[in-house]
Amino acid sequence: MNTPIKTQKKEIRKRMLHQRNLMSMTTKTLYDRYVCKTLWQLMEQRGCQTVHTYLPMGSEIDIFPFIEQCLAHKKTVISPRSLPKRSFKNLVLTSLQDLEPGIFGTVHPAGERVFEGTYDLVVVPGLACDGNRYRLGYGAGYYDTFLVDLSTSFKIGLFYPFQKMDQLPKEPHDVQLDEVLCDITFGDDAGK
């Protein structure tokens, strides 16, 4: 049954996905580079050795360069494989050339090398965020289920500037992030 909050979320998802798909490639490329640079700076500032990250699909922020940089610097990179019942199998990523297709158009690391440790940094995708550091995902609830038990991990969501709203409709299961990266002031030097 659709509650007013669920209906609001559905409308926001539809609008944001449409707007994200309409971005110019120039703007998208500049902002994606800026995000990769900022994520790497965050890794260094926080001394992160392990990062749990999504593997971009469609018009999501392309963080493959950041992931490649982590692998080149011998960081432990973990990416999720989506399973039934809103759960992830968190797999160690050793190469971006060794991926398998998953559900919902996702890809994940090939093989079954499951990571059982803790994450220094968790990088989360989304369709919208607000000033209170809440995010709106695609609606399947995978990340809310995953993030709820990660009190010691630094959780950051990645968004384009137009995806930030004053306040998102919230439900009890929605998890607040530690930071959202949604910067309208990234400027022309984003890729430098």
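## Packing, cysteines and empty space in a predicted model

K74 counts as exposed, because its relative accessibility is 72%. The model is a predicted one. K74 sits in the loop that joins α3 to β2. Its backbone is worth a look: phi of K74 is near 60°, a positive value in a residue other than glycine. Most residues other than glycine have a negative phi.

R133 is another case. This residue has a positive phi of about 70°, and it is not a glycine either. R133 belongs to the loop between β7 and β8. Is R133 buried, exposed or partly exposed? With a relative accessibility of 32%, R133 counts as partly exposed.

**The nonpolar cores**

The largest nonpolar core holds 47 residues. Which of them have the most contacts inside it? They are I63, F66, L121, V123 and L158. Several elements give two or more residues to this core: helices α2 (25–46), α3 (64–72) and α4 (142–147), and strands β2 (76–83), β3 (87–93), β6 (121–124), β9 (154–158) and β11 (179–181). Helix α2 gives the most, with eight residues.

L121 shows how this core is knitted together. Not counting residues up to four places away in sequence, L121 touches L42, M43, C48, T50, V51, H52, F66, F154 and I156. One of these partners, F66, is itself among the core residues with the most contacts.

There is also a second, separate core. It has seven residues, including I12, M16, M165 and L168.

**A128**

A128 is placed in strand β7 (residues 128–130). Its relative accessible area is 0%, so A128 is buried. Leaving aside neighbours within four places in sequence, A128 is in contact with I12, M16, Y134, R135, L136, F159, Q163, M165 and L168. Four of those names also appear in the second core: I12, M16, M165 and L168. A128 and Q163 are 35 residues apart along the chain, yet their C-alpha atoms are separated by 4.6 Å.

**Cysteines**

How many disulfides does a search of the whole structure find? The count is zero. Two cysteines are set out below, each with the nearest cysteine sulfur.

| Cysteine | Nearest cysteine sulfur | Sulfur distance |
|---|---|---|
| C36 | C70 | 9.4 Å |
| C182 | C129 | 4.1 Å |

A disulfide needs two cysteine sulfur atoms within 2.5 Å. At 4.1 Å from the sulfur of C129, C182 is in no disulfide. C36 is in no disulfide either, with the sulfur of C70 at 9.4 Å.

Are C36 and C182 buried or exposed? C36 counts as buried because its relative accessibility is 7%. C182, at 13% relative accessibility, also counts as buried.

C36 lies in helix α2. Beyond its neighbours within four places in sequence, C36 is in contact with D62, I63, P65 and F66. I63 and F66 are again among the residues with the most contacts in the largest core. The C-alpha atoms of C36 and I67 are separated by 8.5 Å, and the two residues are 31 apart along the chain.

**Pocket and cavity**

Rolling a probe the size of a water molecule over the atoms shows where empty space is left. The largest pocket contains about 660 Å³ of space. It is lined by 33 residues. Which of them are the closest to its centre? They are Y138, G139, A140, G141 and Y142. Elements α1 (4–21), β2, β5 (107–109), β8 (135–136) and α4 each supply at least two residues of this lining. By class, the lining has 13 nonpolar, nine polar and 11 charged residues. Elements β2 and α4 also give two or more residues to the largest core.

How many cavities of 30 Å³ or more does the structure hold? There is one. About 40 Å³ of space lies in the largest cavity. Its lining consists of R20, Y54, E60, I61, P125, G126, L158, Y160 and Q163. These residues divide into five nonpolar, two polar and two charged. Two names return here. L158 is one of the residues with the most contacts in the largest core, and Q163 is in contact with A128.

How values were computed: Residues are numbered from 1 along each chain as its sequence is written. This is a predicted model: local features need pLDDT of at least 70, side-chain atom pairs count only at pLDDT 80 or more; totals for chains, interfaces and linings use all residues. Side-chain values use heavy atoms; hydrogens and water are left out. A nonpolar core is a set of buried Ala, Val, Leu, Ile, Met, Phe, Trp, Tyr and Cys residues joined through side-chain atoms within 4.5 Å. Buried means under 20% relative accessible area, exposed over 50%, partly exposed in between (1.4 Å probe, protein chains only). Helices (H or I, at least four residues) and strands (E, at least two) are DSSP runs, numbered from the N terminus. Contact means heavy atoms within 4.5 Å. On a 1 Å grid over the protein atoms alone, a cavity is a set of points where a 1.4 Å probe fits but cannot get out, and a pocket is an open set with protein on both sides within 12 Å along at least five of seven lines; lining residues have an atom within 4 Å of a point. Grid points are joined across faces, edges and corners, and a volume is the space filled by probe spheres set on the points. Ala, Val, Leu, Ile, Met, Phe, Trp, Tyr, Cys and Pro count as nonpolar, Asp, Glu, Lys and Arg as charged, and the others, Gly among them, as polar.
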